[in-house]
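Q: Please take a close look at a single helix of this protein and at the sheet and charged pairs around it. A connected account would be most useful.

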Amino acid sequence: MGLPRFGRPKGVDMQGKLSPNLFVANCGPAVGLSHDTIASVFAAFGEVNGVFAADESGARVIVSYCDESSARAALEALDGHPCPELGGRTLHIRYSVLQPTALDQINDSVPVSLVASDLNIPGLYLVHDFVSTKEEEELLASIDERPWKSLAKRRVQHYGYEFCYETRNVNTRQHLGELPSFVSPILEKISLLPDLDNAASIVLDQLTVNEYPPGVGLSPHIDTHSAFEGFIFSLSLAGPCIMEFRRYTDGDWLNNNTKTQTPENGSNFLRRAIYLPPRSMLLLSGEARYAWHHYIPHHKIDLVKDSVIRRGSRRVSFTFRKVCEIFIFLLFTTG
């Protein structure tokens, strides 16, 4: 599944503590050494259970022995010394500690559904394969040709109106023009959605493009009531994720306009989660839009139906909204 079972201890001196597992730095495929080659060298000191990637660098591995004495012999012989059998590289070796497996690391998980109907949240819809692989490639190429704005952990682009993260509102004094032509096919498909009442009459005039690197998500929030009308469409591209929905029990959701950020810890909420594969379109409306906070956990992996799914090198979302008419009015009546 791509995750190491072992790792170098952080802030812990393991030199005096025996372990059958060794963390070996300056050693791995990134420096031209295969796991088989490494295993054959370390096997001179005892039976090797296996060689595993310690992280994603490709230059650090875990050598796991059947017994502690073999690990100790290898550490004493190889640590800090050039190893002719491994290209003369000087290895840096420490005892390793057992880390949680991928399943253990998802300790705050909630069962993840594949279809929206399983969540029983009115107004929530998910359309799989809303765009084709070719259309996905074309959309990604189009945004990558345009400038990005960097936030703390992700990059964004805004079209139609800019969303101000400080005020969680749209900047009505800065109309950015019509939505770009490369999203016209998406808007056309939205207008043809069969399960959406009055789909043909929906006019979407604000688009935010988000790019998420691995491990970056979103804190629980509800899109500002006063800034946007009832429908929110979000198209997932390039990589998967899960989206969690939380309904808090303390307060009327219709009067929750200002309570857009809520502490993540606590038991005063209901939880639901859905898997968003690439090329899928998510629709939030009605209760799903106004009553449930939506949230993307800050994970590099997600547990979906007993399978661990690693998020891609990037995930891009296209989120379409309709700015409230009062904001359009203010745009033209204030100086």
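A: In this predicted model, the secondary structure comprises seven helices and 24 strands. Of the 335 residues, 48% count as buried. Among contacts between residues at least 6 apart in sequence, 78% join residues at least 24 apart.

The helix chosen here is α5, which spans residues 184-191 and has I186, I190 and S191 as its buried residues. Viewed down the axis of α5, these buried residues fall within an arc of 140°, so they line one face of the helix. An α-helix has 3.6 residues a turn, so residues three or four places apart point the same way. The packing partners of the buried residues of α5 are α4 (133-144), β17 (232-237), β20 (281-284) and β24 (315-321).

The strands among these partners, β17, β20 and β24, appear in an open sheet of seven strands, whose order is β10-β20-β17-β24-β15-β12-β11 with antiparallel pairing. At the edges stand β10 (124-127) and β11 (149-150), each with a single partner strand, so one side of each is left without a neighbour in the sheet. Within the sheet, β17 and β20 run antiparallel and are joined by four bridges; S234 has L282 in β20 as its bridge partner.

The helix partner α4 also takes part in a charged contact. The structure holds 13 salt bridges, and one of them pairs E136 with R279, with the closest N and O atoms 3.0 Å apart. This pair links distant parts of the chain, since E136 lies in helix α4 and R279 in the loop between β19 (269-276) and β20, 143 residues apart. E136 is buried, with a relative accessible area of 7%, whereas R279, at 21% relative accessibility, counts as partly exposed. The cut-off for buried is under 20% relative accessible area.

A further salt bridge involves the loop between α5 and β15. There, D205 pairs with K322, the closest N and O atoms being 3.5 Å apart. D205 lies in the loop between α5 and β15 (206-212) and K322 in the loop between β24 and α7 (325-333), 117 residues apart. Both D205 and K322 are buried.

Strand β19 contributes another pair: the side chains of R271 and E244 meet in a salt bridge at 2.9 Å, N to O. R271 is in strand β19 and E244 in strand β18 (residues 241-248), 27 residues apart. R271 counts as partly exposed at 27% relative accessibility, while E244 is buried, with a relative accessible area of 2%. Finally, a network of salt bridges links D144, R155, E211 and R314.

Technical notes
Residues are numbered from 1 along each chain as its sequence is written. This is a predicted model: local features need pLDDT of at least 70, side-chain atom pairs count only at pLDDT 80 or more; totals for chains, interfaces and linings use all residues. Side-chain values use heavy atoms; hydrogens and water are left out. Buried means under 20% relative accessible area, exposed over 50%, partly exposed in between (1.4 Å probe, protein chains only). Helices (H or I, at least four residues) and strands (E, at least two) are DSSP runs, numbered from the N terminus. The arc is that of the directions from the helix axis to the C-beta atoms. Contact means heavy atoms within 4.5 Å. Two strands pair if DSSP finds at least two bridges between them. A salt bridge is a side-chain nitrogen of Lys or Arg within 4 Å of a carboxyl oxygen of Asp or Glu.
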